[in-house]
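Here is a short report on an interface and a cavity. The model comes first, then the notes.

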There are 2 protein chains.
Amino acid sequence: MSLVVIGTVAFDAIETPFGKTDKIVGGSASYAGLSASYFYDKVKIVAVVGDDFHQSEIDDFNAHGINTEGLQVKKGEKSFFWAGKYHNDMNSRDTLVTDLNVLADFDPIIPDSYQDCEYLMLGNLTPQVQQTVIRRLAKRPKLIVMDTMNFWMNIALDDLLDTLKMVDVLTINDEEARQLSGEYSLVKAAAKILTMGPKYLVIKKGEHGALLFDKDSVFATPALPLAEVFDPTGAGDTFAGGFIGYLAKVGSINFNNMKNALIYGSALASFCVEKFGPERIKNLTQEEIAERVQQFVKLSKFEL
Amino acid sequence: MSLVVIGTVAFDAIETPFGKTDKIVGGSASYAGLSASYFYDKVKIVAVVGDDFHQSEIDDFNAHGINTEGLQVKKGEKSFFWAGKYHNDMNSRDTLVTDLNVLADFDPIIPDSYQDCEYLMLGNLTPQVQQTVIRRLAKRPKLIVMDTMNFWMNIALDDLLDTLKMVDVLTINDEEARQLSGEYSLVKAAAKILTMGPKYLVIKKGEHGALLFDKDSVFATPALPLAEVFDPTGAGDTFAGGFIGYLAKVGSINFNNMKNALIYGSALASFCVEKFGPERIKNLTQEEIAERVQQFVKLSKFEL
C-alpha cells in the first residue's frame, strides 16, 4: 500500500519583501510529497526533471523516505522553472518567468512498484496528465485527491471537468471555487462542484483558513494568525500533502477524519510560509508538528 | 445594573442585487440594541432622532425591553439618513446619500436612570460623542466595548485614539486594524492596537469570521457559510450587540467568556444578513438562536 503524489518537481526563483532566492527546489509534488512524508512512510513521487536537477536534491526526498523511482530525469533537458515576485501584502504575486522545459511533453511513467497505490494525490499540473495517471493505475485507488488552479480552468477546462469526474476530493481556493461554479456564494459553489464528481470539496482561503464540504455538512478551520509570512510559495501544495498524508495514516475515509486532515494540512502549511521555498518543511520534527496542531486546537476551541 | 448602547438610530435606504427598500430603521444603536436585547433584559439606548421617527418605531424597541429614555426626539428636525447600494459581491457598497441631520450636533443625554450602567457599548459614531458618554457616567462601567470604522480614522484620528485609551474592547474589521496600526499582519496589528488602550481586540472579517486577541492569546471563529447574503447592513453592529449582550448576561469578563461572546455575536450577525435591515433580528426566538449557535459548534468542532 502506498501514497502516490503526482505533480511538478521544479526550480523556483522567489522574490518577497523579505529577500530573494536563486533557483531553489519547488513544484507541487515536492511540497506535497515532503508534507505527506511526515504522516506516512510509503510516499512515492511521479514527476519529471531535467539533468540540471542534482542527485543531492533527489537524495533530500529519499532522506524523507520518499520513493523517487517515478521521477524521470531527462538527459540534456532542463527542469521546469518558475520565477515570481510577491507584492507587499503577500496575497498577490507577479509571475516573471515560466519555462515549461521538460514539462512541455511530460508523459508520466508509473513504475510497477507504484501499482499498490491506495492514496493518490494529483498535485497541481495539466489535468490531462493528472487523468493519465489515474488511467495507468491498474486498480482505482481508495482515495483520489485533486489539486488544481485557475490557470487550468482558463486553458483546459474540458480536461479539468473530465478529470474531476474521476476524483474523490477537490482542493481549490475560494476564487477558483467561484470561477469553476459560476456562483459567488461558497455554499452554492460547493453544492454545484459536488455534482461535478468529487464527494468532498476543500476550499483553501489562505490567511482565512479552509472549508470542507460534503453534500450534508460543512466544517471550517481558521488559519493560524502569523506575525510574518515569509514566503507563501507551496503553501497550498503543502496543505494538500498534509491532508492526504494524514488520511493515509489513519486509513479510514469519513468526514470526521477529513476534518482532522484539514487541521494537519493547515498546520503543515503554516510551517511552509515561515521560510523560503520548502526549507522549513524539509526540517520538521514530529514534536514541532504536534505542538503546532495544539495551537490550532487552542485557536478554535470553545466550550459553551 | 444595565447595558447602555450609544450609537445612531436612523433611516436607511438600501439597494442590493435582491431588491431595494424605502426608508427603514437603521443605525448602529438600533442593530446593537436589538441584538443585545436577546441576551440581557436591561438594555438602554442613547441616541437622537428627528420627529420623522415614528412612535411605532420606538415602540418596537420597547417591545424588546429596550429602555428609550435616552433617545432624544428633536422637534422640527430630521433623523440621520443613509442610502447605499451594494455591489453584486455584497462585500463593497457605494454610499449614495449621507444626511447627518440631527446627528450634526448630537449632544448625548444620559438619563439618571442610566447611571447604573455596568456594560457600555459605544456603537459606531463620532469618537468625540463616544467619549462624552463615558465622561457623563458617574461611575466607570465594568466593561466598555467600542466599535468604530475607517471613516473616523480618516477624519477624527486624534479623538479616536483618545477614546481608545478609555475602553476595554475594540471591535473593527481587518482593513481597519491594518489602517489603525500601520501593520499588514493582523498579529502585529493586534499587538500594536493592544498598546493603545483596549485589553481585548476583536477583528471582524465578515464572511471569514472573527478573531479575538488579548496580549497572550488569540481565538478564531469562522462565519457561518451562507447560501444567500440578502443585506449585510448592520451585521457588524449586530455582532457587537450580541457580543456585549452575552457578556452582560454571564456577568464575568475573561477570555473564555469572550470566546463564547464571539460565537453568539457571530450567530446574531448571521441572522441579520438574511433579510433587509433589522427585520430579521427584530423577530428572533431563543430557540432559533440556540439552534444557530449549535450550527457554529458543528461548523468548528473537531476531535483529534
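Which residues line the largest cavity? They are Val25(A), Ser30(A), Leu34(A), Glu57(A), Asp60(A), Phe61(A), Pro278(A) and Lys282(A). A cavity is a set of points, on a 1 Å grid over the protein atoms alone, where a 1.4 Å probe fits but cannot get out; lining residues have an atom within 4 Å of a point.

This is a predicted model, in which local features need pLDDT of at least 70 and side-chain atom pairs count only at pLDDT 80 or more, while totals for chains, interfaces and linings use all residues. Residues are numbered from 1 along each chain as its sequence is written, chains are lettered from A and ligands numbered from 1 in the order in which they are written, and side-chain values use heavy atoms, without hydrogens and water.

**Cavity**

The whole structure holds one cavity of 30 Å³ or more. The largest cavity encloses about 30 Å³, a volume being the space filled by probe spheres set on the points. Helix 2 (55-63) and helix 1 (28-37) of chain A each give its lining at least two residues. Helix 2 of chain A gives the most, with three residues. Helices here are DSSP runs (H or I, at least four residues), and strands are runs of E (at least two).

**Interface**

Chain B brings 37 residues to the contact and chain A brings 36 residues (heavy atoms within 4.5 Å). About 3000 Å² is buried between the two chains, with 59% from carbon and sulfur atoms. Buried area is the accessible area (1.4 Å probe) lost on being put together, summed over both parts. His208(B), Phe302(B) and Leu304(B) supply 20% of the area that chain B buries against chain A, more than any other three residues.

There are four salt bridges between chain B and chain A. The rule is a side-chain nitrogen of Lys or Arg within 4 Å of a carboxyl oxygen of Asp or Glu. Arg178(A) and Glu207(B) form a salt bridge at 3.3 Å, N to O. Helix 11 of chain B gives the most to the side touching chain A, with seven residues.

| Surface | Nonpolar | Charged |
|---|---|---|
| Side of chain B that touches chain A | 19 residues | eleven residues |
| Lining of the largest cavity | four residues | three residues |

Nonpolar means Ala, Val, Leu, Ile, Met, Phe, Trp, Tyr, Cys and Pro; charged means Asp, Glu, Lys and Arg.

Terms used
On a 1 Å grid over the protein atoms alone, a cavity is a set of points where a 1.4 Å probe fits but cannot get out, and a pocket is an open set with protein on both sides within 12 Å along at least five of seven lines; lining residues have an atom within 4 Å of a point.
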